[in-house]
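Here are a few notes from my pass through the model, put down as numbered points. Have the structure open while you read.

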Amino acid sequence: MKTLKILSIILSISFIFNGCNDEEFFELQRPPEDPWLTPAEYERAAVSPYHYAFYSSWGGGWYMVDRVVFDIMTDIVYRIPGAGADYPIDEVYERSTSLELGRNNDSFRDGYRGIAVCNSGLDFYYAANREPFPDASNAEKQNVHRIAGELHFMRALAYFNHTVRNCPVPGNPAYNSLEILPYRTSVSDIDAALNPEFVVTDTIYNLVIDDLKAAKKLLPWQYTDIYHPSYQYGRANRFAAHAILARVYMRIGEYDLALAETDTVLMMSEGYYNLSQDPIEVFNRSEPSIGEEVIFYALYYDEDLNNTPKDFTLLTLLDYRTINGGHGEDFKRGFWHAFCMSYPVAMQIGWMEEDYSETEAALRDKRYQQLYHRFEGYDIEANDDETFEQKYPALTTPRLWCDKYYRAPDGRFGNVPVIRLAELYLNRAILRYNNGNLQGAADDINVIRKRAWDQAVAGVVYEESDDFITAANITEEIIENERLKELMFEGDGLLYLQGLDKPIPPGEREVDAVPEPYPDFYWPVPQSELDFSGE
């Protein structure tokens with residue numbers, strides 16, 4: 001096992017110095033001491049981490065695979081009896097976190113591959129005192145600094161997801177005592193690469209925070225004409241760095257710092273991002289364009305890239321090959337879905353009554369109309385495929401389904417949001433509420449609700465409705481339910497609950513809620529990594 005691991009690292013090092021991510025992996029074309037000869041070649045260092053995060057597998061890369069795993073571990077999903085797929089459905093649903101799972105191991109591996117590329121690019125940048133191409137033009141030098149910013153950002157994102165997947169949370173006794181993750185920040189020291197130091201989770205978070213602070217300094221707020229035109233759609237900018245840092249601070253309980261990062265995004269984003277479009281506009285694009293609230297997309301519109309993540313077929317209604325939004329005459333239901341919305345959540349957020357009927361609140365909510373789908377109970381003889389359950393006989397009563405994915409003109413190439421503005425408003429709402437700023441919290445929730453309000457159905461403008469929130473009637477439950485309506489099935493729920501030290505409800509599982517500090521509620525590091533470390 002150790003011999004295989006050493007060979008893997010040696011091959012990875014040669015890959016890093018090539019700066020490529022295809023069949024040329026095994027061919028050392030440039031000497032290690034001078035891996036990138038021009039700023040254009042240095043761009044390859046930035047491309048590879050995105051590849052591992054979003055395009056490296058059927059599931060879409062480590063970020064998208066994690067997103068599905070994290071959702072299945074929460075109470076929002078119900079495991080459909082009889083559903084099956086080439087996926088550890090029951091192990092994840094049952095939260096069997098003592099087991100090694102192939103999906104998690106793949107994410108671990110690809111995350112560290114991306115980290116290795118980031119380390120190589122940053123070694124190159126800082127070894128040259130941040131001026132690796134002194135003869136380059138000013139525009140080219142700006143691009144070099146931007147590439148270094150992206151490398152800091154993507155390394156931080158990878159390490160952050162590793163902590164969520166494989167590490168205890170702050171407050172857990174193991175957080176500062178158990179050395180779990182390999183700490184790799186450079187490829188210049190071969191001995192360190194072959195014998196990584198394993199560190200406590202707190203050390204990883206310090207690295208993540210430092211990386212995101214560096215990214216904020218190096219990344220542009222927006223991509224201008226000195227950058228490639230496509231970068232504005234799918235590359236991290238300074239807004240993304242602030243937003244991810246807010247996620248990190250939320251998770252480790254640094255709420256004032258999370259609020260400061262969130263305030264920065266919302267203040268500086270005026271004129272760049274807004275909530276003026278319908279909710280579906282975030283999910284219906286398979287071309288180089290962007291929903292107006294999307295801060296950071298994972299782009300899949302380019303046919304040369306791997307298709308849009310297919311693990312989402314476990315959670316969502318449509319087949320990934322749907323066209324024109326996937327409904328009406330183009331309705332094409334997926335074959336692999338195994339989860340729909342749980343009844344406790346559907347009723348908690350006010351979209352379903354105890355007798356399973358639709359609520360008025362649901363019918364006037366554009367999110368319900370556009371991003372979720374209701375099936376009536378199983379009826380094999382029904383003529384309307386989009387109204388009655390016809391696939392799973394066990395679903396004899398109505399169920400709500402996620403309908404966010406594969407909604408683009410060509411579902412195979414639909415772009416997927418990683419960070420969008422609604423998350424920042426919802427972050428600020430709960431942080432303001434917990435600080436006693438009830439009016440501020442109400443204002444943020446009203447921004448979210450007003451976008452979702454369908455005046456044509458409701459018959460009144462939002463400000464005159466009972467749904468309009470004031471400082472007098474804002475509650476924590478209102479904020480949390482709004483977050484569920486907005487961000488369900490986007491990998492948010494686990495991070496939110498753990499970040500605020502809340503129990504993770506069972507949903508429809510016949511188990512108790514998982515209490516804070518979530519003992520043993522994280523997946524193991526691959527045994528092959530531990531074998532190599534000598535543990």
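**Notes on buried charges and cavities**

1. Let's start with Glu261, which is buried at a relative accessible area of 9%. Keep in mind that this is a predicted model. Lys216 counts as buried too, at 16% relative accessibility. These two side chains form a salt bridge, and their closest N and O atoms sit 3.0 Å apart. The pair ties together distant parts of the chain: Glu261 belongs to helix α11 (residues 255-268) and Lys216 to helix α8 (residues 201-218), with their positions 45 residues apart.

2. Next up is Glu389, buried with a relative accessible area of 1%. What does Glu389 form a salt bridge with? The partner is Arg333, and the closest N and O atoms are 3.0 Å apart. Here the link runs between loops: Glu389 is in the one between β6 (372-375) and β7 (399-402), while Arg333 is in the one between β4 (294-298) and β5 (339-341). The two are 56 residues apart. Arg333 has a relative accessible area of 15%, so it counts as buried, the cut-off being under 20%.

3. Asp403 and Arg407 also meet through their side chains in a salt bridge, at 3.5 Å from N to O. Both Asp403 and Arg407 are buried.

4. Some of the salt bridges share partners, and they join up into one network. Its members are Glu293, Asp365, Arg367, Lys404, Arg420, Arg449, Arg451, Glu482, Lys485, Glu486 and Glu490. For the whole model, the count comes to 42 salt bridges.

5. On to the cavities. How many are there of 30 Å³ or more? The count is 6. The largest has a volume of about 220 Å³. Its lining takes in 17 residues, with Tyr63, Arg247, Glu490, Gly491 and Asp492 nearest the centre. Glu490 is also in the salt-bridge network. By type, the lining of this largest cavity splits into 8 nonpolar, 2 polar and 7 charged residues. At least two lining residues come from each of α3 (62-72), α6 (138-166) and β8 (416-420).

6. The second largest cavity holds about 90 Å³ of space. Among the residues lining it are Arg247, Arg251, Glu423, Arg483 and Asp492. Arg247 and Asp492 also lie nearest the centre of the largest cavity, along with Tyr63, Glu490 and Gly491. The lining of the second largest cavity divides into 4 nonpolar, 2 polar and 5 charged residues. α10 (238-251), α15 (421-434) and α19 (493-499) each contribute at least two residues to that lining.

Key
Residues numbered from 1 in each chain as written. Predicted model: local features only at pLDDT ≥ 70, side-chain atom pairs only at ≥ 80, totals over all residues. Heavy atoms only, no water. 1 Å grid on protein atoms, 1.4 Å probe; cavity = no way out; pocket = protein on both sides within 12 Å on 5 of 7 lines; lining within 4 Å. Points joined across faces, edges and corners; volume = space filled by probe spheres on them. Helix = DSSP H or I, 4+ residues; strand = E, 2+ residues; numbered from the N terminus. Nonpolar A, V, L, I, M, F, W, Y, C, P; charged D, E, K, R; others polar. Salt bridge = Lys/Arg side-chain N within 4 Å of Asp/Glu carboxyl O. Buried < 20%, exposed > 50% of the residue type's maximum accessible area, 1.4 Å probe, protein only.
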